[in-house]
Amino acid sequence: MFAAPLLQEATGIGALGVDLNSLIVYLINFGALALLLYFFAYKRVMRVLDERSTRIRESLEQADRVREQSVEAQASMQRALNEGREAGQAVLSEAREAAERYREQQAEQARTEAGAMLERARDEIRQERDAALEQVRAEFAGLAVTAAERIIHRSLDADAHRDLIDEVLAERESAGGGG
Amino acid sequence: MIRALLPKLPIALVAGLAVAGLALGAIGAALLGNEPFIRVPEVHLAPQEVFTIGGFTVTNTLLSAWLTTVVVLLIFGLGSRKAALVPGRMQGAIEMLFEALYGFIKGVVGERYGRAFFPILATMFIFVAFNAWMALLPIYPTVGFKADGADYVTTHLLRSAGTDINLPLALAIISFVFVEVWGFKAQRFGYLKEFFRFRNPIDFFVGVLEIVSHLIRLVSFTFRLFGNMVAGEIILVMITFLLVFMAPIAFYLLEILVGGVQALIFMGLTLVFAFMAVAPHGADHEETHAP
């Protein structure tokens, strides 16, 4: 069985060992190998490669979409930010104007109130002065009566004296310019 | 002292082996007047018979082809068994090879024909390359049977199938049939017009030349692969005979390269011929890629 005769007994091209049986076996062997590799290797691996390629393509497309969305969102955010900033500026400027108006209004009101208070104070002072003058006048009349009584040592009717004094004072005031 | 010399040990080992190889090899033996360490190799162009089954002779190259087939099926079948979307190392390596081969094929003939051609062309590359690379294993030149009375291996159990002319011839026939079938499939009867031209005598002669050029591919394919594989084997045997150690390593590396290159050439030429066959006649310079 395990003998080892050399096959190249022939001469010429036959010495190379061309053998139809071996040739057929090699052909069948290659065909079987190609077929088995096709079903157990090529088909599986190529399917996986295709699937991976599809996944990668989809992922890249998705990434592009996300990037575009992100850019859009960023632009939208920037727009909203600008609008907000502008609105803020407007509100701020309006608030400033309102504050200015309020300040002026308050200042005006304070000025008005201060004027009114001043006027009231003047009225009160005037009234106080008039009252004081009235009081002084009354006291002076009594004092004059008392003084006259002492000087002339006689009793006079008090009402008559007072009328007399008032008359004198009125004359004097009119003569002195209301001092 | 020993620690200082330790890094130089590999260099010393290599140098020692090289010197020993030179001394033990045929060159050193001739110079020193000794018998060479390895006996003079014999070159058998034809494969050797290992055993017979029902009158069919099983040769060492045929065994080698079967072994390569089994190994290739195990590697590629098991490696792509799970075929997961996230590949493991083995699947990754297989994918890398398939992608490289498919990219090469697609680059020449385009997507449509690339898909169709891939299984046959990839099998050609894988079988030729693995067959050549496996033949570099030490088991190939050492394990075998001794003839009665011989004190050395007279019949090797395994021998690179590429060195058996029947394998390159079988691959050449497959390549030829593949090209012609695809040419006919793509162009129908228009493909035959390339060979059978009757407009004038010169055109007729061109047709005959075309037939001859297609048939001659069988011879060129066969002897290119056969010659390279046999030459590689002979070089390895002879260099081992002459210098025994170290020097053969360089030639082993060269043979690894040669195996891959020959596989690529076989596949590449078949691909180019197939492309020429499927491309519409006269459009070779216009449309270089199939749709």
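Biologist: In which helix is Tyr38(A) found, and is Tyr38(A) buried or exposed, or something in between?

Modeller: This is a predicted model, and every value discussed here is computed from it. Tyr38(A) belongs to helix H1 of chain A. Buried residues fall under 20% relative accessible area and exposed ones over 50%. Tyr38(A) has a relative accessible area of 33%, so the residue is classed as partly exposed.

Biologist: With which residues is Tyr38(A) in contact, leaving aside its neighbours within four places in sequence?

Modeller: Two residues meet that condition: Lys43(A) and Pro119(B). Pro119(B) introduces the topic of the interface.

Biologist: How should one read the size of that interface?

Modeller: The size of an interface is often given as the accessible area lost when the parts come together. Here chain A and chain B bury about 4,300 Å² between them, and 72% of that area is on carbon and sulfur atoms. Chain A supplies 40 residues to the contact, and chain B supplies 55.

Biologist: How many polar contacts and salt bridges link chain A and chain B?

Modeller: There are 12 residue pairs in polar contact between the two chains, counting pairs with both residues at pLDDT 80 or more. The rule finds 2 salt bridges across the interface. Arg52(A) forms a salt bridge with Glu95(B), with 2.6 Å between the closest N and O atoms. On the side of chain A that touches chain B, the classes are 28 nonpolar, 5 polar and 7 charged residues.

Biologist: How many salt bridges does the whole structure hold, and how does helix H1 of chain A place the partners Arg67(A) and Asp64(A)?

Modeller: Over all chains the search finds 13 salt bridges. Arg67(A) and Asp64(A) form one of them, at 2.4 Å from N to O. These two residues are separated by about one helical turn because they lie 3 residues apart in helix H1 of chain A. Asp64(A) is partly exposed, at 35% relative accessible area. Arg137(A) and Glu134(A) are also joined by a salt bridge, with the closest N and O atoms 3.1 Å apart. Both lie in helix H1 of chain A, 3 residues apart, about one turn of the helix. Arg137(A) is partly exposed at 31% relative accessibility, and Glu134(A) is partly exposed at 48%. Salt bridges with shared partners also join Asp50(A), Lys106(B), Glu111(B) and Arg115(B) into one network.

Biologist: Which residues of the largest nonpolar core touch the most other members?

Modeller: That core has 68 residues, and those touching the most other members are Phe76(B), Phe98(B), Phe117(B), Phe118(B), Leu121(B) and Ile126(B). Elements giving two or more residues include helix H1 (20–152) of chain A and helix H8 (201–243) of chain B. H5(B) gives the most, with 20 residues. Leaving aside neighbours within four places in sequence, Leu121(B) is in contact with Ile105(B), Phe178(B), Met267(B), Thr270(B) and Leu271(B).

Biologist: Where is Asn131(B) placed, and is Asn131(B) buried or exposed?

Modeller: Asn131(B) is in helix H5 of chain B. Its relative accessible area is 2%, so Asn131(B) counts as buried. The side chain of Asn131(B) makes a polar contact with the side chain of Thr68(B), at 3.2 Å. Beyond its neighbours within four places in sequence, Asn131(B) has contacts that include Ser64(B), Ile126(B), Ser160(B) and Leu167(B). The C-alpha atoms of Asn131(B) and Phe241(B), 110 residues apart along the chain, are separated by 23 Å.

Notes: Residues numbered from 1 in each chain as written. Chains lettered and ligands numbered in written order. Predicted model: local features only at pLDDT ≥ 70, side-chain atom pairs only at ≥ 80, totals over all residues. Heavy atoms only, no water. Core = buried A, V, L, I, M, F, W, Y, C linked by side-chain atoms within 4.5 Å. Buried < 20%, exposed > 50% of the residue type's maximum accessible area, 1.4 Å probe, protein only. Helix = DSSP H or I, 4+ residues; strand = E, 2+ residues; numbered from the N terminus. Contact = heavy atoms within 4.5 Å. Polar contact = N/O pair within 3.5 Å; in protein donor to acceptor, adjacent residues only side chain to side chain. Buried area = accessible area lost by both parts, 1.4 Å probe. Salt bridge = Lys/Arg side-chain N within 4 Å of Asp/Glu carboxyl O. Nonpolar A, V, L, I, M, F, W, Y, C, P; charged D, E, K, R; others polar.
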